[in-house]
Amino acid sequence: MELRIFTEPQQGATYERLLRVARAAEELNYGAFFRSDHYLHMGNVDGLPGPTDAWITLAGLARETKRIRLGTLMTAGTFRLPGVLAIQVAQVDQMSGGRVDLGLGSGWYAEEHAAYGIPFPKEKFGRLEEQLAIIRGLWDTPVGERFNFAGNFYQLQDSPALPKPTQPHVPILIGGHGAKRTPALAAQYADEFNIPFASLEDTERQFKRVRAAAEERGRKADDLVYSNALVACVGKSDADIKRRADAIGREVEELKANGLAGSPAEVVERLEQFAALGSQRVYLQMLDLADLDHMELIAAEVMPQLA
């Protein structure tokens, strides 16, 4: 099982803070550094000093890291036109030497759209379907040929479909809890399916749906990578665990029930339960970005046991 770092900068983080976390993740041999794509904080925090843009952040990190993969969990489809997003991701992939993954979702947080004057359409899922078709179509169109698309929400005419990413195939992540349309969309476009903040029971149920949808579409179910995103709160002692839970405003028992909390041994056991259901990657939601010792502990005492 591969462990990746997943951050939520809208809760309060500068670019410099994110850079420190990304570099630490690289040095500690985590598989990737991912970030959310939000412009407004959530819950009882002030979000200071304010939001950072996901793809501007990743562009900077592309030039300031060397090996670690970079991506979004998830880019909000409401924030960017698909043609523009295809250009942005291709450019960051070039800047990183081919280390980008694109997680793309429909967008859901109405308040952040209202706060920054971003349209929040009623029909988001149909737009997401067209966005995925356009992005993949633009990247897959051979150089010298043109791409056209006539959809209900987007129309592209005579596009040169440039620039191209460095990678021949940028991995696309699709995720969520939807019972029908989400698995079908993952089966059509995804290289990886991610279920966020789910129980073992919900993970098993959703993975089975996606595997069935892939086979119905004529793909091998194992063609996709299956992953979870879970909040992390790991400590060597009960006092350490409580201190880390307090720092993010959560209760230890709640985190043990719904995330990855406890001693390294307890977290390894929990991860093995997810692995038994087919989870191949876990995105560790790190909510206290000042606590680099937390990442070091997991890398030293959890990661080696998952090899």
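The chat below walks through helix contacts, unusual backbone spots and empty spaces in one predicted model.

Trainee: Before we start, what kind of model is this, and how are residues numbered?

Mentor: This is a predicted model, in which local features need pLDDT of at least 70 and side-chain atom pairs count only at pLDDT 80 or more, while totals for chains, interfaces and linings use all residues. Residues are numbered from 1 along each chain as its sequence is written, and side-chain values use heavy atoms, with hydrogens and water left out.

Trainee: OK, helices first. At what angle do H2 and H3 cross?

Mentor: The axes of helix H2 (residues 54-64) and helix H3 (residues 82-96) cross at roughly 15 degrees and come within 8 Å. Helices (H or I, at least four residues) and strands (E, at least two) are DSSP runs numbered from the N terminus, and axes are lines fitted to C-alpha atoms, for helices over the stretch in contact, with angles running from 0 to 180 degrees between N-to-C directions.

Trainee: So what do we call that arrangement of H2 and H3?

Mentor: The angle makes H2 roughly parallel to H3, since angles under 35 degrees count as roughly parallel, over 145 as roughly antiparallel, 65 to 115 as roughly perpendicular and the rest as oblique. The crossing of H2 and H3 is left-handed, a term used if the near helix is turned anticlockwise from the far one by less than a right angle, with right-handed used if clockwise.

Trainee: Which residues meet there?

Mentor: From H2 there are Trp55, Leu58, Ala59, Ala62 and Arg63, and they meet Leu85, Val89, Val92, Met95 and Ser96 in H3, where contact means heavy atoms within 4.5 Å. The residues of this contact of H2 with H3 divide into 8 nonpolar, 1 polar and 1 charged. In that count Ala, Val, Leu, Ile, Met, Phe, Trp, Tyr, Cys and Pro are nonpolar, Asp, Glu, Lys and Arg are charged, and the others, Gly among them, are polar.

Trainee: And how do H1 and H2 pack?

Mentor: The axes of H1 and H2 come within 10 Å and cross at roughly 45 degrees, which makes H1 oblique to H2. On the H1 side the contact is made by Tyr15, Leu18, Leu19, Ala22 and Arg23, and on the H2 side by Thr57, Gly60, Leu61 and Glu64. By class, the contact of H1 with H2 has 5 nonpolar, 2 polar and 2 charged residues.

Trainee: Switching topic: where are the cis peptide bonds?

Mentor: One cis peptide bond joins leucine 48 and proline 49, with omega about 10 degrees, and proline 49 is found in the loop between strand E2 (32-35) and H2. Another joins leucine 73 and methionine 74, with omega about -10 degrees, and methionine 74 is in the loop between strand E3 (69-72) and E4.

Trainee: What about asparagine 29, what is its phi?

Mentor: Asparagine 29 has a positive phi of about 70 degrees although it is not a glycine, and its place is in the loop between helix H1 (15-27) and E2. Most residues other than glycine have a negative phi, and most peptide bonds are trans.

Trainee: Now the empty spaces. What is the volume of the largest pocket?

Mentor: The largest pocket has a volume of about 1200 Å³, and of the 48 residues that line it, the closest to its centre are Glu8, Gln10, Met42, Phe197 and Gln285. On a 1 Å grid over the protein atoms alone, a pocket is an open set of points with protein on both sides within 12 Å along at least five of seven lines, a cavity is a set of points where a 1.4 Å probe fits but cannot get out, and lining residues have an atom within 4 Å of a point. Grid points are joined across faces, edges and corners, and a volume is the space filled by probe spheres set on the points.

Trainee: Which helix gives the largest share of that lining?

Mentor: H9 gives the largest share, 3 residues, and the lining of the largest pocket divides into 24 nonpolar, 18 polar and 6 charged residues.

Trainee: And how many cavities are there of 30 Å³ or more?

Mentor: The structure holds 1 cavity of 30 Å³ or more, and about 60 Å³ of space lies in the largest cavity. Its lining includes Ala232, Cys233, Arg244 and His294.
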